[in-house]
Amino acid sequence: MATLNKDVFGLSVENHELVKLAYDTYLANSRSSHAKTLKRGEVRGGGKKPWKQKGTGRARFGSTRNPIWRHGGVAFGRTGNENFTKKISKNAKLQAVRQALSMQNADKNIIVIDTFECPTGKVKETMAMFEKNKLDKTQNILLVVSEKDELVLRATNNVANVKVVRPTYLNVFDILNADKIVITEKSMPMIENWLLGKENA
């Protein structure tokens, strides 16, 4: 059984502010901006003045596509060019990932396995790993492997609730949404070097 590095998996998380910031940043940066509304000048019609300017006793209007009218344009609506991205420093991101891993480890949700080999790329190899480690296939499983090759993808793509990532692609969103995190032994030093800033040392 591998011993988990306390600097990565054994942090004492006094508050969740940094983890929440990293979680929200991930969601914001995954958000796309496709919604678009029509302004009064983009709505078809409305070229004719509804009634004359004076003498009717009614309020003056120049177009039936005024935003306060039914079938009119939208005032201050979406343009499709909104930027929802947020920024977080590299050090803060890595610290948040360490905190998230520590929280999951404290709840005993991290499992370290010897290896995950898929010589034929068949789903039965993934099911065998599940059975060997007593994993519930209805749970969300985050599988961390040193190399995400074609055979690994073929063996896991058709298994519901399983996400495969390489060590340096771990993020707070995936970690916190996983019921169990399965890490191969070969991935452990890669995770530690990345999160402790030793990958270029």
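Is Ser146 buried or exposed? Keep that in mind, everyone, while we look at the structure together. One thing to say straight away: this is a predicted model.

Back to the opening puzzle. Ser146 has a relative accessibility of 13%, and buried means under 20%, so Ser146 counts as buried. Where along the chain does Ser146 sit? You will find Ser146 in the loop between β2 and α5. And which residues does Ser146 touch, if we set aside neighbours within four places in sequence? The contacts of Ser146 are Arg166, Pro167, Thr184, Lys186, Ser187 and Met190.

Now let's move to the strand that comes before that loop. Strand β2 covers residues 141-144, and four bridges join β2 to strand β3, residues 162-165. The strands β2 and β3 run parallel. If you would like one pair to find on your screen, look for Leu143, whose bridge partner in β3 is Val164.

Strand β2 also pairs with strand β4, residues 180-184. Here too there are four bridges, and β2 and β4 run parallel. A pair to look for in this case is Val144, which stands opposite Ile183 in β4.

What about the two faces of β2: are they covered or open? Here is a bit of background first. In a regular strand, side chains alternate between the two faces of the sheet. In β2, Ile141 and Leu143 are on one side, while Leu142 and Val144 are on the other. Those four residues are all buried, and both faces of β2 are covered.

Next, how do we get from β2 to β3? Helix α5, residues 150-156, belongs to this part of the story: β2, α5 and β3 make a β-α-β unit, and the unit is right-handed.

Let's stop at one residue of that helix. Thr156 lies in α5. Its relative accessibility is 3%, so Thr156 counts as buried, since the cut-off for buried is under 20%. Leaving out neighbours within four places in sequence, Thr156 is in contact with Phe116, Thr126, Leu143, Val162 and Val164. You have met two of those names already: Leu143 and Val164 are the bridge partners from β2 and β3.

After α5 comes a loop that leads to β3, and in that loop we find Asn161. Which sign does phi have in Asn161? Phi of Asn161 is positive, near 70 degrees, and this residue is not a glycine. Asn161 is partly exposed, with a relative accessible area of 35%.

There is another residue with a positive phi. Lys108 is not a glycine either, yet its phi is about 60 degrees. Lys108 is in the loop between α3 and β1, the latter being residues 110-113. With a relative accessible area of 68%, Lys108 is exposed.

Now for the empty space. How do we look for it? Rolling a probe the size of a water molecule over the atoms shows where empty space is left. In this model, the largest pocket has a volume of about 230 Å³. The lining of that pocket has 13 residues, and the closest to the centre are Ala22, Thr25, Tyr26, Lys93 and Asn171.

Which helix gives the largest share of the lining? That is α2, with four residues. Helices α2 (17-29) and α3 (90-106) each supply at least two residues. By class, the lining has seven nonpolar, four polar and two charged residues.

Before I finish, here are two distances to try on your own screens. Glu131 is in helix α4, residues 123-132, and is exposed, with a relative accessible area of 66%. From Glu131 to Ser102 is 29 residues along the chain, and their C-alpha atoms are separated by 25 Å.

The other distance starts at Asn15, in the loop between α1 (6-9) and α2. Asn15 is partly exposed, with a relative accessible area of 42%. Arg60 is 45 residues from Asn15 along the chain, and the C-alpha atoms of the two are separated by 58 Å.

That's my tour. Thanks for listening!

Technical notes:
Residues are numbered from 1 along each chain as its sequence is written. This is a predicted model: local features need pLDDT of at least 70, side-chain atom pairs count only at pLDDT 80 or more; totals for chains, interfaces and linings use all residues. Side-chain values use heavy atoms; hydrogens and water are left out. Two strands pair if DSSP finds at least two bridges between them. A crossover is right-handed if, with the strands pointing away from the viewer, the path from the first strand over the helix to the second runs clockwise. On a 1 Å grid over the protein atoms alone, a cavity is a set of points where a 1.4 Å probe fits but cannot get out, and a pocket is an open set with protein on both sides within 12 Å along at least five of seven lines; lining residues have an atom within 4 Å of a point. Grid points are joined across faces, edges and corners, and a volume is the space filled by probe spheres set on the points. Ala, Val, Leu, Ile, Met, Phe, Trp, Tyr, Cys and Pro count as nonpolar, Asp, Glu, Lys and Arg as charged, and the others, Gly among them, as polar. Buried means under 20% relative accessible area, exposed over 50%, partly exposed in between (1.4 Å probe, protein chains only). Contact means heavy atoms within 4.5 Å.
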